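Hello,

Please find below the structure you are taking over. My notes on what was found in it follow.

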Amino acid sequence: MRLQAIRLTQWGRFLLTCAVSLIGGSLFTILHTPIPWLLGPMTAALIGAKVFKLPLWWSSAVRDTGIGIVGYSIGLTLTLDTLVQTAYQLPSMLLMTVILISFCVLVAYLFYKLTDVDFPTLMTGSIPGGLTQMVVLADEVKGVDVTIVTFMQVTRLIMITFCVPFLLFSPVYGGAEAAAAVEAVRQSSAAWSGLFPGVFIFVPICVVCAWASKKIGLPTAVMLGPLIGTAAAQIAGLKGPALPDGLLNASQFMIGTYIGLLLHPENLKNKTKTVIMAVTGGSILILGTMGLAKWLEAVHHVSPATAFLSMAPGGMDQMGIMAHEVGADLLFVSGYQLFRVLFIYFVVAGALKFGFQWYSRRQAGKAMTKAK
């Protein structure tokens, strides 16, 4: 009997997904690939769902737990001194973010000229680091193809999540140094016993702050809430426990499995054209990011890995995981990633909505003129 034909309860589907992702994580660990517990579950879930048609399902609460763990780990690095240092980076963060978004606008315009897809759809699908915000915006704007936007955003996210670790371990970014950094991080991994008794203080702080962040509508609330709460508690004098390697691997497992199940090409009308466009756009964006990272590295004298992860247009949680794994400057990376998310959420989304409304009125005016 084919496995996909077996009727499973939601919990049965969840346990099946856990088994598939565990196989992927274990296999990638045996193969010594970069970030195995992020890439392994992601790849296994994607193949299991799309190739073998398994009835996989992942809980958003589990994903949020993994993201919250990453938020806490970043919050541990924040002190008053590091916050002051981050503030000095704000002009550079703004400049780099504007350049990256402008580059995405040019890519979207190029595809607009080469395909029959409308510019608002391509523009919304090309903006990096704001998957949720862009999908919501696409749903609100009349005429934008939400399916194409979602596919482009998810394809870019999966490409970035998969390609960035391999680039970090390549000679381009000093693969030997990255491997040595990973080993150093593992050697310094905290013990499970070190979680107590601090875990009883910081878990409630993270949960409450994540809930409050959702209530007030902060972007990436389940990450930003624990990050802010942990940082505030540490500044107030509380010492947060360091996380053991196994717990960080578990967070990668939770996030990687979720990413692997995001892609839904079956919903596309023109699959071949959209896939080629999404993969090409993602590849161009990665190359552009590498160029900006070289500039950032030269201006601020940070390591190549730190510069690249700061500019990589993926999710802040995935870049935070990779920064921790390769010993990059976690605060520097998260600062640039967070600034871009907030800039997209508070500035770009509103500007795009206004611009699309203007574009729609202009197109309607042209249509009326032709009709006369």
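**Helix H2, a nearby loop and a pocket**

In this predicted model, the buried residues of helix H2 are Pro36, Trp37, Leu38, Leu39, Gly40, Pro41, Met42, Thr43, Ala44, Ala45, Gly48 and Ala49. That makes 12 of its 15 residues buried, so H2 is largely enclosed by the rest of the structure.

The length of H2 can be checked as well. At 1.5 Å a residue, its 15 residues should span 21 Å, and the C-alpha atoms at its ends are 21 Å apart, so the two values agree.

Next comes Thr33, which sits in the loop between helix H1 (10-30) and helix H2 (36-50). Is Thr33 buried or exposed? Its relative accessible area is 16%, and buried means under 20%, so Thr33 counts as buried. Apart from neighbours within four places in sequence, Thr33 is in contact with Phe28 and Phe166.

The last item is the second largest pocket, which has a volume of about 400 Å³. Its lining is made up of 19 residues, and Thr65, Gly68, Ile69, Val203 and Cys206 are the ones that lie nearest the centre.

Which helices each supply at least two residues of this lining? They are H3 (60-75), H10 (199-215) and H11 (221-235). H10 gives the largest share, with eight residues. By type, the lining of this pocket divides into 15 nonpolar residues, two polar and two charged.

Regards

Note on methods: Residues numbered from 1 in each chain as written. Predicted model: local features only at pLDDT ≥ 70, side-chain atom pairs only at ≥ 80, totals over all residues. Heavy atoms only, no water. 1 Å grid on protein atoms, 1.4 Å probe; cavity = no way out; pocket = protein on both sides within 12 Å on 5 of 7 lines; lining within 4 Å. Points joined across faces, edges and corners; volume = space filled by probe spheres on them. Helix = DSSP H or I, 4+ residues; strand = E, 2+ residues; numbered from the N terminus. Nonpolar A, V, L, I, M, F, W, Y, C, P; charged D, E, K, R; others polar. Buried < 20%, exposed > 50% of the residue type's maximum accessible area, 1.4 Å probe, protein only. Contact = heavy atoms within 4.5 Å. Expected span 1.5 Å × (residues − 1).
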